[in-house]
Structure formats: C-alpha cells, structure tokens
Amino acid sequence: MKATMLKGNWNYPTAVKFGPGRIKELPDLCKAHGLTRPLLVTDPGLAKLAMIADAVAANEAAGIPTAVFSDVKPNPTGKNVADGVAVYRAGGHDGVIAFGGGSPLDAGKAIAFHAGQSRPLWDFEDIGDWWTRADASKIAPVIAIPTTAGTGSEVGRAGVITDEDAHVKRIIFHPKMLPVVVIADPELTVGLPPKVTAATGMDALAHCLEAFCAPGFHPMADGIALEGTRLIREWLPVAVSDGRNLEARGNMLVAASMGATAFQKGLGSIHSLAHPLGALYDAHHGLLNGILMPYCMVHNRDAIEGRMERLGRTIGLSKPSFDTVLVWVLDLRREIGIPHTLKEIGIGDNRAEEIGRMAEADPSTGSNAKPVKADDLRAVFVDAVNGRL
C-alpha cells in the first residue's frame with residue numbers, strides 16, 4: 001500500500017527523520033554526526049535480512065566502512081553488551097548504528113555508552129546519581145533505527161539490560177545515551193509478523209497508559225500519552241491485520257516514540273512485574289505488558305478512575321469510564337491475539353513470593369498510580385497467572 005502520511009523532521013526529544021524511504025539518508029547522517037567507522041548493532045534475525053545488507057552497502061559506497069554485531073538476545077544481557085564492547089574497541093569504531101527492535105536498540109546504546117568507560121556496567125544502573133560516575137566525554141554517538149513500534153527506545157536515555165547472574169533486569173542510564181538522530185522509516189517495519197506487531201504495540205500502550213496514570217504534575221507527558229493512546233486505538237488493529245499498510249505502520253512508530261517520551265513522568269506495576277518476569281522466564285517484554293495490563297488496571301482502579309474517564313473521552317469511547325476503558329483493553333487484546341493469562345505462555349505462580357519481592361524493588365514501582373508493596377504485586381501476579389479480574 002502506498003504511504004499517505006507526510007514526512008517530517010522533528011526534534012522531540014532528539015532529532016527524528018520520519019517517513020517512508022528515510023533509511024536512504026543513513027550515510028549522510030553518519031557523516032553529519034561524525035561516524036566514520038560505525039558498528040551496526042542488530043539481532044541475529046535481522047542480520048540475515050536485506051535491510052541490514054543494504055544499509056551496510058550504502059555506507060560502504062559512501063566511504064563509511066561499517067561492521068555488524070548481532071549477538072543480541074531478545075532480552076539483551078550484560079554479556080551481549082560486553083561482547084559488543086569488545087568488538088567495538090577491537091574495530092576502532094567511533095559510533096553505533098542501533099538497528100532493530102527494543103533489544104538491539106537498548107544493547108546498541110549500552111555498547112556506545114560503555115565502550116569508553118573503565119568501571120563495570122552495573123556501576124551505572126539508574127540509581128540515584130550513579131550516572132555521574134561515567135566519563136561523558138567518552139560516550140559514543142548513536143544513530144537509532146527502529147524496526148518495531150513498541151519500546152520507543154530510540155528516543156530514550158537508557159537501556160534495559162539483563163544481569164544474568166542476579167536474574168534481574170537493570171536500567172543503565174545516562175543523558176548522553178539519547179541517540180543523536182533517529183531514522184523512523186515505516187517501510188522497515190512492514191515485514192514484522194502479526195504476533196510481534198501486536199506484542200510490541202501493547203508495549204507502546206503500556207508506556208502511554210502508565211505514564212498518564214503516574215502521579216505528579218507533568219501536563220506535557222500527559223498530553224503526549226493521551227495522543228499516543230488515541231493513535232494506538234486507531235492504528236494497532238490495522239497494523240496487525242494488514243502489515244503492509246504504511247499509514248498504520250507509520251502511526252504506530254510515532255505512538256511508540258510518544259510512549260517512551262511520556263514515560264519520563266514514570267511507569268508503574270505493569271512494568272514492575274514485566275521486568276522480573278522477563279529476566280526469570282526470558283519472555284517477550286511487550287507480550288508480558290499486554291497480558292498484565294488489565295490486572296494492574298483493576299488493582300489501581302481507585303487511584304485512576306478519573307484519569308480513565310478522561311482517557312476514554314480522548315480516544316473516543318461512547319461512555320468514557322474506567323469500565324469502558326477496561327473493556328476496550330480486553331477487546332483489543334482479544335482482537336490482536338494477546339493471551340488472557342500468564343499461564344498460557346508457560347508462567348505459573350510457583351515463584352509468586354519471589355516475583356512480588358523483585359517487583360517491589362523495580363524502579364517502576366515508585367511511580368505506580370498508588371503505593372504498592374510486594375504482597376500487592378504478588379497478588380496481581382497470581383491473578384494474571386490464573387485469569388482472575
């Protein structure tokens with residue numbers, strides 16, 4: 001299908017080159033940002049596709065030698081980052097092209113960040129002012145090229161990396177991890193399978209929903225979250241059912257970036273639970289968010305009812321209320337094939353106490369719509385395993 005959306009150049013929060021065919025600008029953008037010998041970071045599946053070979057060939061033709069590192073797991077690990085740093089240093093690279101879904105984007109940003117540092121990666125976890133431990137002058141520039149519409153990592157200043165020894169997902173943060181430019185080309189997302197389109201789309205929705213419900217005064221984040229949710233309601237079912245619809249793909253790319261921009265306000269219990277479950281079971285982050293969403297909404301109901309009525313009005317529900325928003329979420333999940341329970345993806349409740357404790361310790365918990373403790377999160381998790389709403 002021919003694209004009908006306009007191209008755009010935005011600076012929000014970083015430079016974004018949006019529109020079909022914008023990938024052709026990669027060599028010029030490398031030159032503009034001083035990447036003369038970049039390392040392209042992607043995943044094993046994408047590394048086999050023509051889009052990666054074409055990007056490398058275009059750079060080579062422009063006199064920009066480009067190596068590829070693709071040893072990145074679906075939930076990227078500290079070892080993946082360390083291996084990437086070793087390749088980066090050995091190749092004398094001067095920047096990273098992070099090309100793919102949330103996993104290579106997070107891994108690529110972490111590699112560019114850590115390649116110039118001397119301290120261990122976990123010394124830069126997003127705790128207090130730990131980011132100030134880094135030598136900012138040695139953080140390499142990143143060009144981010146998303147191929148999924150979910151994490152919004154292309155406009156973020158952090159990377160979620162799994163500590164395999166501790167079985168914990170850690171957030172590595174530094175302001176200079178924000179990519180210098182994003183190429184948001186919907187043509188690169190056309191080949192995404194329906195199930196992955198659905199799961200990543202639910203990740204974008206979780207970002208918008210939790211950011212809007214997070215306590216605190218941040219009208220800009222609230223406005224972005226509301227519009228992102230409206231775009232997801234309109235375009236996610238289309239993108240899942242007709243993956244070649246470039247208008248749907250483009251609007252979902254925008255919605256994903258909006259969700260990640262909005263969640264600087266905060267996240268909540270959906271992510272508090274999804275992070276430890278992803279670390280323990282290596283499950284897809286967006287899929288976990290999609291399954292957990294209604295259970296966390298119900299638990300937070302007394303704190304978010306007013307906000308859900310406002311959200312319902314914005315996205316066009318006929319009788320906006322908490323209940324109609326919940327029904328919309330449940331109907332959307334059913335329409336795009338998101339399972340109703342964690343049990344359906346092989347996660348039981350035998351580790352409920354441990355997961356409750358891990359979720360309480362997750363950084364997302366502090367900005368949940370209302371205060372939650374380990375017992376609360378354990379109960380929500382057990383409900384999500386067994387389908388109790």
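How many residues does the hairpin that joins β1 to β2 pass through? The hairpin joins β1 to β2 through 3 residues, and it opens the first of the views below.

The model is a predicted one, in which local features need pLDDT of at least 70, side-chain atom pairs count only at pLDDT 80 or more, and totals for chains, interfaces and linings use all residues. Residues are numbered from 1 along each chain as its sequence is written, and side-chain values use heavy atoms, with hydrogens and water left out.

**View 1. The hairpin of β1 and β2, with a cis peptide bond at Pro 13.** Helices (H or I, at least four residues) and strands (E, at least two) are DSSP runs, numbered from the N terminus. β1 and strand β2 (residues 15–18) pair in the antiparallel sense over 4 bridges, where pairing requires that DSSP finds at least two bridges between the two strands. Within this pair, Trp 10 stands opposite Val 16 in β2. Pro 13 lies in the loop between the two strands, β1 and β2, and is joined to Tyr 12 by a cis peptide bond with omega of about -5°. Most residues other than glycine have a negative phi, and most peptide bonds are trans.

**View 2. The open sheet and the helices α3 and α4.** The sheet has 7 strands in the order β1-β2-β9-β6-β5-β3-β4, with mixed pairing. Its edge strands, each of which pairs on one side only, are β1 (8–11) and β4 (67–69). Neighbouring strands of this sheet are turned by 20° against each other on average, direction ignored. Strand β3 (residues 39–41) runs parallel to β4 and is joined to it by 3 bridges, and the bridge partner of Val 41 in β4 is Phe 69. Helix α3 (residues 50–61) lies across β3, β4 and β5 (96–100), and runs at about 155° to β5. Helix α4 (residues 78–90) packs on the sheet, touching β3, β4 and β5, and its direction makes about 165° with that of β4. Axes are lines fitted to C-alpha atoms, for helices over the stretch in contact, and angles run from 0 to 180 degrees between N-to-C directions; contact means heavy atoms within 4.5 Å.

**View 3. His 167 in the loop between β7 and β8.** This loop connects β7 (158–163) with β8 (168–173). His 167 has a positive phi of about 55° although it is not a glycine. The UniProt record, an unreviewed entry, annotates residues 13–186 as "domain: Alcohol dehydrogenase iron-type/glycerol dehydrogenase GldA"; its positions are given in the numbering used here, feature names are shortened, and annotations may be inferred rather than shown by experiment. The span of residues 13–186 is 28% helix and 21% strand, and its end C-alpha atoms lie 19 Å apart.

**View 4. Helix α6 with its partners α7 and α9.** The axes of α6 and helix α7 (residues 219–241) come within 9 Å and cross at roughly 160°. The two helices, α6 and α7, are therefore roughly antiparallel to each other, given that angles under 35 degrees count as roughly parallel, over 145 as roughly antiparallel, 65 to 115 as roughly perpendicular and the rest as oblique. The crossing of α6 and α7 is left-handed, a term used if the near helix is turned anticlockwise from the far one by less than a right angle, with right-handed if clockwise. The residues of this contact divide into 14 nonpolar, 4 polar and 1 charged, where Ala, Val, Leu, Ile, Met, Phe, Trp, Tyr, Cys and Pro count as nonpolar, Asp, Glu, Lys and Arg as charged, and the others, Gly among them, as polar. The axes of helix α6 (residues 194–213) and helix α9 (residues 269–281) also come within 9 Å, but cross at roughly 140°, which makes α6 oblique to α9. Asp 203, Ala 206, His 207, Leu 209 and Glu 210 in α6 meet Ser 269, Ile 270 and His 271 in α9, a contact that has 3 nonpolar, 3 polar and 2 charged residues.

**View 5. Packing of helices α10 and α12.** Helix α10 (residues 285–299) and helix α12 (residues 322–336) pack at an angle of about 165°, with their axes 10 Å apart; α10 and α12 are therefore roughly antiparallel to each other. Residues in contact include Met 297 and Val 298 in α10, and Phe 322 and Arg 333 in α12.
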